Amino acid sequence: MTDKMKAATYKEFGGAEKIEIKTVDIPEIKEGEVLVKIKAAGVNPVDAFVREGYLKEYLPYEFPIIPGWDMAGTIEKRGFSARRFEIGDAVYAYARRPIVQHGTFAEYIVIPESYLAAKPESISFEEAAGIPLVGLTAYQSLFDAGKLQKGQTVLILGGSGGVGSLGIQLAKAEGATVIAVASEKNHAFMKELGADHTIDYKGQDVGGATKKIAPDGVDLIFDCASGDTLKQSLSALKSSGKLVSIVDQGQDLDSSIDFQYVFVEPNSSQLDKLREYTEAGQMKVYVSNTYNLEQTAEALNQIQTLHTKGKIVIVP
Ligand SMILES: NC(=O)c1ccc[n+]([C@@H]2O[C@H](COP(=O)([O-])OP(=O)(O)OC[C@H]3O[C@@H](n4cnc5c(N)ncnc54)[C@H](OP(=O)(O)O)[C@@H]3O)[C@@H](O)[C@H]2O)c1
């Protein structure tokens, strides 16, 4: 096996033009780490935001950076004491490390095995690569922060994108009623995923439209969109209800609102749970487009629109 790989890289923050496809050294495999051959890498809005430099005050980084935090692949080599998986095992991971440097838009990644979980067997590598970041975000927001219970009603703002499309399915799997918000063209898609009701955020007040469906209000608002949609939706939150946002950090919110901001954390036991939902047929991933490594800049331009349906992935 070679000690080089092809990767998307950038050596300074900026737009998509900063991305270069290069041959780089595969990092040394240290104690507890494995080398994974990446079969597919999920693309997320944060990959573009990090490249723009928007998160440079919050996340330590080291140039050159290989972008990408999601992947599915196979174990190629194991370092000292890394014995959870066998060579050839199929795995998936949310591979955000404490320092932004070695990402997943590459042929290989060296990563501590603690980040990995067995890939769901019932789906392709492309579909599996679309799960970790958004699936963990939806899980941690709905259940860890939002404490969503069977029989409750959740309003999901941004229901057709990466996070929302899995959020709808997880909420339904746990017995909640789901009202999902996105533009009209995505309503049939959200219904297919299990949404009980859909609302268009264009041309009407989202809070008023929600109240027509749930006159007593909703127990949880899961905000994946922010802006006017979030502001409007607040009138539909029960006084005992909770707001969880993955976009808005809450600075301008009324302090009486029970609010929590979530920033997704790696968690391999929750990836095991997401595999169980998937293999039980309760969660599927819709991959709307696949790109090769040379098209990384294009994939990042698409994800930056914040109007992607389901997920897009890079196949290196
Ligand atoms: N804090 C965290 O840990 C975390 C984790 C993951 C994602 N995020 C952030 O959460 C956001 C969503 O991520 P994602 O991966 O799901 O993005 P995405 O795949 O681009 O999906 C965006 C969703 O928002 C909808 N949308 C766009 N404009 C809207 C508006 N004005 N009102 C209501 N809905 C609107 C889109 O529907 P239409 O296409 O129909 O407009 C789509 O359903 C991004 O800003 C991302 O950076 C944060």
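1. Start with the contacts of arginine 51. In this predicted model, arginine 51 touches Tyr10, Phe13, Gly14, Gly15, Ala16, Ile19, Leu300 and Gln304, leaving aside residues up to four places away in sequence. Arginine 51 belongs to helix H1, residues 45-52.

2. Next, the surroundings of that side chain. Arginine 51 has a relative accessible area of 0%, so it counts as buried. Its side chain reaches the backbone oxygen of glycine 15 at 3.3 Å. Glycine 15 is also on the contact list of arginine 51.

3. Two of the contacts of arginine 51, Tyr10 and Phe13, lead to an aromatic group. Tyr10 and Phe13 form one aromatic cluster with Tyr61 and Phe63.

4. The aromatic pairs of the model number 9. Take phenylalanine 13 and tyrosine 61. Their ring centres are 4.8 Å apart and their planes meet at 70°, so this pair is edge-to-face. The cut-off for that label is an angle over 60 degrees. The pair links distant parts of the chain, with the two positions 48 residues apart in sequence numbering. Phenylalanine 13 is in the loop between strand S1 (4-9) and strand S2 (20-25). Tyrosine 61 is in strand S4, residues 61-66.

5. Is tyrosine 61 buried, exposed or partly exposed? Its relative accessible area is 34%, so tyrosine 61 is partly exposed. Arginine 51, in contrast, is buried at 0%.

6. Two lysines sit over aromatic rings. The charged end of lysine 39 is over the ring of phenylalanine 125, 5.4 Å from the ring centre. Lysine 309 lies over the face of phenylalanine 189, and here the distance to the ring centre is 5.0 Å.

7. Now the ligand. Which residues come nearest to the ligand? They are Ser160, Ser183, Tyr201, Thr229 and His307, out of 26 residues around it.

8. Some polar contacts of the ligand can be placed atom by atom. One ligand oxygen is 2.9 Å from an N or O atom in the side chain of asparagine 186. With valine 262 the backbone takes part: one of its N or O atoms lies 2.8 Å from a nitrogen atom of the ligand. Valine 264 also uses its backbone, with a polar atom 2.8 Å from a ligand oxygen.

9. How much of the ligand does the protein bury? Taken alone, the ligand exposes 930 Å², and the protein buries 90% of that area.

Definitions and conventions:
Residues are numbered from 1 along each chain as its sequence is written. This is a predicted model: local features need pLDDT of at least 70, side-chain atom pairs count only at pLDDT 80 or more; totals for chains, interfaces and linings use all residues. Side-chain values use heavy atoms; hydrogens and water are left out. Rings of Phe, Tyr and Trp (its six-membered ring) pair if their centres lie within 6.5 Å; planes under 30 degrees apart count as stacked, over 60 as edge-to-face and the rest as tilted. Helices (H or I, at least four residues) and strands (E, at least two) are DSSP runs, numbered from the N terminus. Buried means under 20% relative accessible area, exposed over 50%, partly exposed in between (1.4 Å probe, protein chains only). A charge sits over a ring if NZ of Lys or CZ of Arg is within 6 Å of the ring centre and within 35 degrees of the ring normal. A polar contact is a pair of N or O atoms within 3.5 Å; within protein, one must be able to donate a hydrogen and the other to accept it, and residues adjacent in sequence count only if both atoms are side-chain atoms. Contact means heavy atoms within 4.5 Å. A residue is near a molecule or strand if one of its heavy atoms lies within 4 Å of it. Accessible areas come from the Shrake-Rupley method with a 1.4 Å probe; for residues, only the protein chains shown count as cover.
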